[in-house]
Amino acid sequence: MAKKLGLDTVCVHVGEVKDEQFKGAVSPIFMSTSYQFTDVEVRRYPRNYNTPNQESLSKKIAALEHAEAGMIFSSGMAAISTTLLAFLKSGDHMVVQNTLYGGTSNFIREEFPKYGIEFTFTNGYDVKDFEAAIQENTKVVYIETPSNPLLTITDIKAVSALVKSKGLLSIIDNTFASPINQNPIDFGIDIVVHSATKYLGGHSDIMAGAVACSDEHMHAIWKKAANLGGNLSDFTVWMLERSMKTLVLRVKAQNKNAKALAKFLEAHPDVKKVYYPGLKSHPEYKLAKSQMRGFGGMLSFELNNDLDALTFQKELKLIKATMSLAGVESTMLSPYMTSHGSLSQEERDRIGITNGLIRFSLGIESKADLIRDIKQALKTTKKLIKTEA
């Protein structure tokens with residue numbers, strides 16, 4: 001049924017909990033942590049990820065990612081760590097894309113050695129870089145596209161074909177794209193993970209994670225998840241389902257704003273470089289266009305060397321200099337202090353994350369207001385430099 005529905009309709013209706021008693025228009029919340037175990041088809045328990053709200057929302061996640069099954073977690077990192085540990089054991093090896101979210105990178109570097117799991121970060125993000133890193137004991141290849149925060153684009157179809165030819169498992173972090181802009185399973189990827197805190201939640205008020213894949217792979221993830229206990233409360237589940245009803249509308253508005261602001265910044269004399277796959281100047285523009293329906297609401301940029309990134313962000317009046325991303329409000333941050341603060345300076349330098357890099361998450365405000373705010377912040381920043389000089 002979900003395959004026959006439009007994307008907007010899937011967001012609104014698939015995964016609803018039917019209110020059979022009062023016929024309410026929205027899903028009721030089942031807050032119980034204890035359910036009957038006799039004479040029932042399903043023995044429900046929150047840590048088993050099968051309460052009515054959890055089970056229903058998982059169907060919406062699966063439908064949006066064109067997967068057989070979905071599962072929701074307490075955070076993006078809970079989803080990522082549980083999924084990786086479900087398929088990797090001592091003696092196994094994983095190939096990891098070099099440009100990706102700092103929290104994922106830190107988890108791999110900090111925790112894998114404790115489990116005896118080996119890993120190799122690629123030298124680049126072209127398919128040949130992944131092939132060069134594969135070893136005899138490799139089990140998983142992990143990618144992220146568009147990547148956080150440099151917006152690099154990896155060829156999903158090429159990597160998934162390589163992985164399948166080697167009999168390995170492919171996992172992608174699809175957070176930056178969201179299922180509205182990109183469906184990696186359609187290109188052959190095995191497992192899709194999300195920080196649902198971001199676009200799926202979209203209002204900067206809940207924390208959650210999500211996984212979508214085949215029933216077979218989900219069974220393995222579920223067994224590990226039940227042991228690790230990274231589930232979330234049914235109230236948060238209800239809020240996430242509520243938020244996802246407007247996912248298409250929000251993401252399309254954010255796509256539009258990001259493209260407009262990327263063009264504005266690229267043409268501005270005080271901006272040194274802009275990273276956005278929707279710009280024709282982006283090295284993977286054509287690739288992004290071939291595998292994405294929209295270019296996303298995220299971009300990064302660097303100011304000219306004489307302008308301090310932190311000073312500029314402090315002078316913003318409308319755009320919030322705050323952590324996280326993908327809310328309806330526009331935000332900026334410095335990745336070296338936040339998303340990639342757990343990496344060493346050497347590690348950040350290796351992948352091109354400078355101290356002057358600013359990550360810009362576009363909200364749904366008027367683009368004219370956003371441009372005006374950036375202009376005044378740049379003007380004030382330059383005045384401060386002259387005053388100090």
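Is Lys 114 buried or exposed in this structure? Lys 114 is exposed, with a relative accessible area of 61%. The legends below describe close-up views of a predicted model.

**View 1. A salt bridge within helix H4 joins Glu 111 and Lys 114**. The closest N and O atoms of Glu 111 and Lys 114 are 3.3 Å apart. Both residues belong to helix H4, which covers residues 102–115. Because Glu 111 and Lys 114 are 3 residues apart in this helix, about one helical turn separates them. Glu 111 is partly exposed, with a relative accessible area of 26%, whereas Lys 114 is exposed.

**View 2. Asp 126 and Lys 128 form a salt bridge**. In this pair, the closest N and O atoms lie 3.6 Å apart. Asp 126 counts as partly exposed, at 38% relative accessibility. Its partner Lys 128 has a relative accessible area of 55% and is exposed. A search of the whole structure finds 11 salt bridges, among them this pair.

**View 3. A salt bridge links Asp 270 to Lys 382**. The side chains of Asp 270 and Lys 382 meet at 2.9 Å, N to O. Asp 270 is located in the loop between H10 and strand E8 (271–275), while Lys 382 is part of helix H14 (residues 367–388), so the salt bridge ties together parts that are 112 residues apart in sequence. Asp 270 is buried, with a relative accessible area of 9%. Lys 382, by contrast, is partly exposed, at 34%.

**View 4. Lysine residues gather in a patch of positive charge on the surface**. The members of this patch are Lys 256, Lys 259, Lys 263, Lys 280, Lys 289 and Lys 367. Helix H10, formed by residues 247–267, supplies the largest share of the patch, with 3 residues. One of the patch members, Lys 256, lies in helix H10. Lys 256 has a relative accessibility of 64% and therefore counts as exposed, since the cut-off for that class is over 50%.

**View 5. Ile 29, Met 31 and Phe 235 form a nonpolar patch on the surface**. Together, these three residues have about 280 Å² of accessible area. Met 31 is placed in the loop between helix H1 (7–13) and H2.

**View 6. The side chain of Ser 58 reaches the backbone of Gln 54**. Ser 58 is found in helix H2, which comprises residues 52–64. The distance from the side chain of Ser 58 to the backbone oxygen of Gln 54 is 2.9 Å. Ser 58 has a relative accessibility of 8% and so counts as buried, the cut-off being under 20%.

**View 7. Thr 82 is a buried residue of helix H3**. Helix H3 consists of residues 76–87 and contains Thr 82. The relative accessible area of Thr 82 is 3%, and the residue is therefore classed as buried. Thr 82 and Glu 346 are 264 residues apart in sequence. In space, the distance between Thr 82 and Glu 346 is 28 Å, taken from C-alpha to C-alpha.

Conventions:
Residues are numbered from 1 along each chain as its sequence is written. This is a predicted model: local features need pLDDT of at least 70, side-chain atom pairs count only at pLDDT 80 or more; totals for chains, interfaces and linings use all residues. Side-chain values use heavy atoms; hydrogens and water are left out. Patches are made of residues with over 30% relative accessible area and no salt bridge: like charges are joined within 9 Å, nonpolar side chains (Val, Leu, Ile, Met, Phe, Trp, Tyr) within 5 Å. Accessible areas come from the Shrake-Rupley method with a 1.4 Å probe; for residues, only the protein chains shown count as cover. A salt bridge is a side-chain nitrogen of Lys or Arg within 4 Å of a carboxyl oxygen of Asp or Glu. Lys and Arg count as positive and Asp and Glu as negative; His and the chain ends are not counted. The place of a charge is taken as NZ of Lys, CZ of Arg, CG of Asp or CD of Glu. Helices (H or I, at least four residues) and strands (E, at least two) are DSSP runs, numbered from the N terminus. Buried means under 20% relative accessible area, exposed over 50%, partly exposed in between (1.4 Å probe, protein chains only). A polar contact is a pair of N or O atoms within 3.5 Å; within protein, one must be able to donate a hydrogen and the other to accept it, and residues adjacent in sequence count only if both atoms are side-chain atoms.
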